[in-house]
Amino acid sequence: MVMSIKRRWLYTIFSVIIADLCIRLSTSLYPIDAIPEIFRVLAIINPITYYANMFHTIFGVDPKLLLDPQLFIPILVSISISLIATQLLILRRFSEGGRF
(Lines give C-alpha, C1' and ligand atoms only; values in the text may rest on other atoms or scores of the structure.)
Protein backbone atom coordinates (compact mmCIF):
# COMPACT_ATOMS: atom_id res chain seq x y z
CA MET A 1 0.00 0.00 0.00
CA VAL A 2 1.43 3.38 -1.03
CA MET A 3 0.77 6.32 1.24
CA SER A 4 -0.23 9.55 -0.39
CA ILE A 5 0.85 12.81 1.19
CA LYS A 6 -1.40 15.74 0.42
CA ARG A 7 0.24 18.84 -0.96
CA ARG A 8 -0.25 20.97 2.15
CA TRP A 9 1.31 18.30 4.36
CA LEU A 10 4.25 18.03 1.98
CA TYR A 11 4.76 21.77 2.31
CA THR A 12 4.50 21.54 6.12
CA ILE A 13 6.98 18.65 6.32
CA PHE A 14 9.40 20.49 4.04
CA SER A 15 9.13 23.68 6.13
CA VAL A 16 9.72 21.84 9.42
CA ILE A 17 12.79 20.04 8.07
CA ILE A 18 14.28 23.30 6.75
CA ALA A 19 13.54 25.11 10.04
CA ASP A 20 15.13 22.32 12.06
CA LEU A 21 18.27 22.34 9.93
CA CYS A 22 18.52 26.13 10.14
CA ILE A 23 18.31 26.08 13.93
CA ARG A 24 20.83 23.26 14.33
CA LEU A 25 23.27 24.81 11.86
CA SER A 26 23.35 28.19 13.57
CA THR A 27 25.00 29.64 16.66
CA SER A 28 21.76 29.65 18.61
CA LEU A 29 22.65 26.37 20.36
CA TYR A 30 26.45 26.35 20.12
CA PRO A 31 29.17 29.00 19.85
CA ILE A 32 30.83 29.31 16.45
CA ASP A 33 34.04 27.70 17.79
CA ALA A 34 32.15 24.54 18.80
CA ILE A 35 30.74 23.99 15.31
CA PRO A 36 32.91 21.67 13.17
CA GLU A 37 34.89 23.42 10.44
CA ILE A 38 32.89 21.74 7.69
CA PHE A 39 29.63 23.24 9.01
CA ARG A 40 30.95 26.72 9.87
CA VAL A 41 30.35 27.96 6.34
CA LEU A 42 26.71 26.91 6.66
CA ALA A 43 26.52 28.62 10.05
CA ILE A 44 27.93 31.84 8.61
CA ILE A 45 25.41 31.97 5.74
CA ASN A 46 22.54 30.88 7.98
CA PRO A 47 20.16 33.78 8.79
CA ILE A 48 19.36 32.44 12.27
CA THR A 49 23.03 32.81 13.21
CA TYR A 50 22.79 36.58 12.90
CA TYR A 51 19.56 36.78 14.89
CA ALA A 52 21.06 34.54 17.61
CA ASN A 53 24.22 36.65 17.69
CA MET A 54 22.15 39.81 18.01
CA PHE A 55 20.35 38.39 21.06
CA HIS A 56 23.62 37.07 22.50
CA THR A 57 25.11 40.57 22.16
CA ILE A 58 22.09 42.15 23.87
CA PHE A 59 22.25 39.69 26.77
CA GLY A 60 26.02 39.99 27.22
CA VAL A 61 27.51 36.79 25.81
CA ASP A 62 31.28 36.83 25.22
CA PRO A 63 31.81 38.64 21.88
CA LYS A 64 34.69 36.32 20.92
CA LEU A 65 32.12 33.58 20.40
CA LEU A 66 30.08 35.66 17.96
CA LEU A 67 30.43 36.77 14.37
CA ASP A 68 31.09 40.43 13.46
CA PRO A 69 28.24 42.47 15.00
CA GLN A 70 28.61 45.33 12.48
CA LEU A 71 27.19 43.04 9.80
CA PHE A 72 23.95 42.35 11.68
CA ILE A 73 21.66 44.99 10.20
CA PRO A 74 22.49 44.73 6.47
CA ILE A 75 22.60 40.94 6.54
CA LEU A 76 19.37 40.60 8.55
CA VAL A 77 17.50 43.03 6.32
CA SER A 78 18.67 41.40 3.09
CA ILE A 79 18.02 37.86 4.32
CA SER A 80 14.59 38.82 5.67
CA ILE A 81 13.55 40.42 2.39
CA SER A 82 14.79 37.49 0.32
CA LEU A 83 13.10 34.93 2.58
CA ILE A 84 9.79 36.79 2.49
CA ALA A 85 9.95 37.04 -1.30
CA THR A 86 10.79 33.35 -1.64
CA GLN A 87 7.99 32.37 0.72
CA LEU A 88 5.48 34.46 -1.22
CA LEU A 89 6.55 32.89 -4.51
CA ILE A 90 6.25 29.37 -3.11
CA LEU A 91 2.84 30.07 -1.58
CA ARG A 92 1.60 31.61 -4.82
CA ARG A 93 2.71 28.55 -6.80
CA PHE A 94 0.96 26.23 -4.33
CA SER A 95 -2.21 28.30 -4.38
CA GLU A 96 -2.27 28.11 -8.18
CA GLY A 97 -1.90 24.33 -8.04
CA GLY A 98 1.68 24.31 -9.28
CA ARG A 99 4.65 22.29 -8.13
CA PHE A 100 8.07 23.25 -6.87
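This briefing describes the fold, the salt bridges, a buried polar contact and the largest pocket of one protein chain. The model is predicted. Its secondary structure consists of four helices and zero strands, and the order of these elements along the sequence is α-α-α-α. Of the 100 residues of the protein, 19% count as buried, and among the contacts with a separation of 6 or more, 45% are made by residues 24 or more positions apart.

**Salt bridges**

- The count of salt bridges in the protein comes to two, and each of them can be described by its pair of residues, its place in a helix and the exposure of its partners.
- R24 is paired with D20 in a salt bridge whose closest N and O atoms are 3.1 Å apart.
- Both R24 and D20 belong to helix α1, which covers residues 7-24, and because they are four residues apart in that helix, about one helical turn separates them.
- D20 has a relative accessible area of 35%, which means that this residue is partly exposed.
- E37 is paired with R40 in a salt bridge, and here the closest N and O atoms are 3.0 Å apart.
- Helix α2, made up of residues 37-45, holds both E37 and R40, and since the two are three residues apart in this helix, they too are separated by about one helical turn.
- The partners of this second bridge fall into separate exposure classes: E37 is exposed, with a relative accessible area of 59%, whereas R40 is partly exposed, with a relative accessible area of 22%.

**A43 and T49**

- T49 is placed in helix α3, which spans residues 47-58, while A43 is found in helix α2.
- A polar atom of the T49 side chain lies 2.6 Å from the backbone oxygen of A43, and the pair therefore satisfies the distance limit of 3.5 Å that is set for a polar contact.
- T49 has a relative accessibility of 0% and so counts as buried, and A43, likewise at 0% relative accessibility, counts as buried.
- When neighbours within four places in sequence are left aside, the residues in contact with A43 are L25, I32, I35 and T49.
- A43 and I23 are 20 residues apart in sequence, and their C-alpha atoms are 9.4 Å apart in space.

**The largest pocket**

- The largest pocket holds about 360 Å³ of space.
- Its lining is formed by Y11, F14, S15, I18, A19, C22, P47, I48, L83, T86, Q87 and I90.
- Helices α1, α3 and α4, the last of these covering residues 72-95, each contribute at least two residues to this lining.
- Helix α1 supplies the largest share of the lining, with six residues.
- Sorted by class, the lining of the largest pocket contains nine nonpolar residues, three polar residues and no charged residues.

**How the pieces relate**

- Helix α1 (residues 7-24) carries the salt bridge between R24 and D20 and also provides six residues of the lining of the largest pocket.
- Helix α2 (residues 37-45) contains the E37 and R40 pair and is also the helix in which A43 is found.
- Helix α3 (residues 47-58) is the place of T49, and this helix is among those that supply at least two residues of the lining of the largest pocket.

Terms used:
Residues numbered from 1 in each chain as written. Predicted model: local features only at pLDDT ≥ 70, side-chain atom pairs only at ≥ 80, totals over all residues. Heavy atoms only, no water. Salt bridge = Lys/Arg side-chain N within 4 Å of Asp/Glu carboxyl O. Buried < 20%, exposed > 50% of the residue type's maximum accessible area, 1.4 Å probe, protein only. Polar contact = N/O pair within 3.5 Å; in protein donor to acceptor, adjacent residues only side chain to side chain. Contact = heavy atoms within 4.5 Å. 1 Å grid on protein atoms, 1.4 Å probe; cavity = no way out; pocket = protein on both sides within 12 Å on 5 of 7 lines; lining within 4 Å. Points joined across faces, edges and corners; volume = space filled by probe spheres on them. Nonpolar A, V, L, I, M, F, W, Y, C, P; charged D, E, K, R; others polar.
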